[in-house]
Structure formats: structure tokens, C-alpha cells
Amino acid sequence: MNSTSEGPLGLLDRLARGPLLCAEGYLFELERRGHLQAGAYVPEVVLEHPAEVRALHRQFVHAGSDVVEAFTYYGHREKLRLIGKEDLLEPLNRQALDIAEGVARESGALLAGNICNTNVFDPGDRETSRQVRGMFSEQVAWAAEAGVDFVIGETYSYASEALVALEVVQQAELPAVITLAIHRDPETREGWSPAEACRRLADAGADVVGLNCIRGPATLLPLLADVVAAVDVPVAALPVPYRTTADEPSFQSLRDPSYDGYPGDRPFPTALDPFMCTRYEIADFTRAARELGVSYFGVCCGAGPHHIRSMAEALDRTPPASRYSADMSKHAFLGSDAALKQHNLAYGRSY
Ligand SMILES: [Zn+2]
């Protein structure tokens, strides 16, 4: 629902008051938990283990997310066709929206619908634009029926596909958050700079524009200043929580010299653990991006609730999970509390 004078604040009103946090990364987290298959990456978990999806929504809100994003990422017609289960398209989308709505309503968080890259779009083939428009339209219609506050269109490596997504969301008269995926080369697949692509999206009426997924904090951050300068709408930044580098700027391009047995000869996507950012690195990114003028925050594939809490705290929030944020003063070996045993503290200085 959009804001009214009496009702809860909508997306744009909340952004006008300060930064917004939207936890993502459902695909990777539910894969790690053993409820979703890497490879096809279709969110059948929504139908098969709805309680797991509901629990993760709740954990992200507990950690500070202002938004519950319905888990319809890769729940589009092309993905369901790929696994031979097109008949599940509508039930999956409706159930994902229903689960998310429940958590949003109980917590007061915003409810977001979600569409994403289709892997069908080809800028050289006009027929594919028509196809992806159809795929977006059916998902956005279900999201609208579920009463979402806004729709997130994300992870587009073709900005032209993102523009189609934006049009569809606008036709449903819903606010649109549109974010692009920037891979190894710092440009979209059409060859537009992130700033140019975001400017085109903002000019076309997107309410929030920015970048999500693919790049970790270290290689997403350098792209953000130009994006902020190019648009006059709120800018979103949702990195993956991995230690990408100038030489290996995307999580697909990361290589692990300490192990040579990975399937496909690369850590992506199931062996990225050695590259995981700490909560402190996520907090540093959050403060740096805030300084640049970013106002819509999140962490994408790989995020855990501890990353979201850290991001929330870096935005000067104290979400419920902050009740359990680290306090080492009472640690038996590393603490400072007067009640601690001196022989343990002495031992701790060398252990
Ligand atoms: Zn992602």
C-alpha cells in the first residue's frame, strides 16, 4: 500500500526520511541450508519448504531489513520451463507473495514484489523483448494483486531489459526499484557505463536506480559515485559479500589458488566461502557508500543475517538482533570484566 496521511509510509516517504535497507540473497542462503539446488536455481523451496522461506524473511527483518522481498527471483516462466514445471509458475509466485506479505504485515516492513533477468533477452532480437515483457507482466500482475508496496527489478546485465521491466512496473502503477548487474567489465552488456544506464532508467521514471549482485564491496564501491552524480533519484547499492578485487572484480571471476578441486575450476557459485566478507567489511562499505550519497542498501547473493545487522548498525539503527551484537567484555579469555578470572585472561593474552 502506498502512504496516506494516516497509513504506513510507503517506499518514497521512507527514503525521504533516511536510508532504507532491503535484505536479499535468498537464493544462496537457502541453497546453503539445503533447500534449493544450485545450477538451475529455481525457488521451488517456496512450495516445498515454505516455513524455511518464512523463517529467513523473519531473520532478515530481525536483523534490520525494512523490506520483505517476495522470493520470486528466478521464479519466472523461463526458469520453470527449464525444469519442466511451467504448471508451478502461478502457484509459486502467489505463494511467495503470500509468505512475504505475512511477514511484512506482522513486522511492519514494506512488501516488495520481485522480477529479474530472464536470460532470454537479446538486444539483437526484438521478439525477445516481447517475450520478456510477457514474463514480467504476469509476475508483476500477481505482485500487484498481492498488494505489494513496490516492485524490485534486479540483476539486469542488459540495461535495455531493465527498461522493459521498468515499463511493466509503471503500467501496474507501482513504484519501481531497478538495479543493474555489472560483471567483469565495468559496463552493461550493451556497453553503457553504469552511470549512463542508471541515468536512462531514472529518466524513464524509475523511483530508485542502482547496482546489485555480482561485485563485492571493494569493486562495487568505485562505480557508485558516478551513478549518484548522474541521477536525481535515490541510488541503490547491494553488493555480494565477497572479497572481489581489481583483477577479479566479479564473484564469477574469483579464483582460489589454495584449492584446485572445485567443480568447473572456479569457486563460483558453491565454494565462495573462503572469500566471504566479514560483518566489519560490510559495515565499512555501508558507511562509505552512504558518504557517496547511496540511500537504498542491501547485500545480495551470499548475505547472511549477520551482514544485514552489521549494515543496519552502520546506518545507526538498532534492530532487534542488535540485542545480541558482540560484547567481548565478558569473554572468559579476551574480556575486561572485573569478575573474570585473571589466570584465564593471562592465558588469553598468548592464545
Ligand atoms: Zn545476487
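These are my notebook entries on the fold, core and one helix of a predicted model.

**Ground rules.** I number residues from 1 along each chain as its sequence is written. Because the model is predicted, local features need pLDDT of at least 70 and side-chain atom pairs count only at pLDDT 80 or more, while totals for chains, interfaces and linings use all residues.

**Overall.** I counted 13 helices and 8 strands in the chain (DSSP runs numbered from the N terminus: helices H or I, at least four residues; strands E, at least two). The radius of gyration, taken over C-alpha atoms, is 21 Å, close to the 20 Å that the globule rule gives for 351 residues, so the chain is as compact as a globular protein of that length. The rule is 2.2 Å times the number of residues to the power 0.38.

**Burial.** I found 48% of the 351 residues buried, that is, with 20 or more other C-beta atoms, placed from the backbone, within 10 Å of their own.

**Core.** I looked up the largest nonpolar core (buried Ala, Val, Leu, Ile, Met, Phe, Trp, Tyr and Cys joined through C-beta atoms within 7 Å) and it has 110 residues. Helix α6 (residues 89–107) gives the largest share, 8 residues. Val 209 is among the residues with the most contacts inside this core. Beyond four places in sequence, Val 209 is in contact (C-beta atoms, placed from the backbone, within 7 Å) with residues including Cys 198, Leu 201 and Ala 202.

**Helix α9.** I checked residues 194–203 and 7 of the 10 are buried, including Cys 198, Leu 201 and Ala 202. The buried residues of α9 pack against α8, β5, β6 and α10. Just after α9, Gly 205 takes a positive phi of about 110°.

Definitions and conventions:
Buried ≥ 20, exposed ≤ 12 C-beta atoms within 10 Å, placed from the backbone. Contact = placed C-beta atoms within 7 Å.
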